[in-house]
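Visitor: I would like to learn how to read a strand in a model. Please show me the structure.

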Amino acid sequence: AGVGNLRRRGELIEYTLQGNTWTALNIVPNGSPAVAGDGVPFVDPLTGFQNAYATSSDSHLIEYTRLPAGNWISDDLTAAAGGPEVKPAPEPFTDPLTGFQNAYATSTGGHLTEFTRLPAGNWISVDLTAASGGPPVTGSPAPFTAPPTRLHNAYPTSPAGPLAENTRLP
C-alpha cells in the first residue's frame, strides 16, 4: 500500500500544529479555480484576518481569507481590479506610506503589477512597468521598504538579468 499525496493538483494546503498534532486542510473553496504554484501567507492590515495569495490555473491573482468562524473564502483580484493575467508567486505587502494592503505580481506580459485594496474594500491595479517606464520583468517581485528613506520599493528581475528597482516616491 502506498501513501497518497496530501496535495492534489490545484489545491492550496494549510498545515497547522494543534498541540502535538499536525492537521492539513485544503483552503481552496469548492468551485474555485485550481491553484498554480505556491501560496503566500499574509495578515490583512485592515481586518487582521489571515490571508493567502496565489495564482490560479487561469492566471488570475486570488486572495484566500480565513473568516473568524474558521472557514475560507476566495476573491479573484484580477477580476475585481480589472488587472492583467499574472504568473505564479505573487507577493503581498503593506504599503508603509498609506497602510494599504498590496499584492505585487508579474503579468504574463512581463510587467510589474500592483494590486491595492482601498479603504472602501475595492481593489485597483496599476501597471508599474508602464507607469515608471521601466524594463520588462520576469520572476517574482520582492517588495521592500528602504530603512533610511522609508520609500516603498519592489525588486523583480528583468529578462536581461539585472535586478530592476521600482520605487514609489511619496
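Guide: We will go through one strand, its partners and a core.

Guide: This is a predicted model: local features need pLDDT of at least 70, side-chain atom pairs count only at pLDDT 80 or more, and totals for chains, interfaces and linings use all residues. Residues are numbered from 1 along each chain as its sequence is written, and side-chain values use heavy atoms, with hydrogens and water left out.

Visitor: Which residues of strand E8 are buried on one side, and which on the other?

Guide: In a regular strand the side chains alternate between the two faces of the sheet. In E8, Gln 101, Ala 103 and Ala 105 are buried on one side, and Asn 102, Tyr 104 and Thr 106 on the other. Buried means under 20% relative accessible area with a 1.4 Å probe, protein chains only. Strands are DSSP runs of at least two residues, helices (H or I) of at least four, numbered from the N terminus.

Visitor: Why is E8 largely enclosed?

Guide: Six of its six residues, 101-106, are buried, so the rest of the structure largely encloses E8.

Visitor: In what sense do E8 and E9 pair?

Guide: Antiparallel, over six bridges; pairing needs at least two DSSP bridges. Asn 102 stands opposite Thr 116 in E9. E7 (residues 91-94) also pairs with E8 in the antiparallel sense, over four bridges.

Visitor: How many residues has the largest nonpolar core?

Guide: Nonpolar side chains tend to be buried together in soluble globular proteins. Here the largest core has ten residues, including Phe 42, Ala 103, Ala 105 and Trp 123. Core members are buried Ala, Val, Leu, Ile, Met, Phe, Trp, Tyr and Cys residues joined through side-chain atoms within 4.5 Å.

Methods
Buried < 20%, exposed > 50% of the residue type's maximum accessible area, 1.4 Å probe, protein only.
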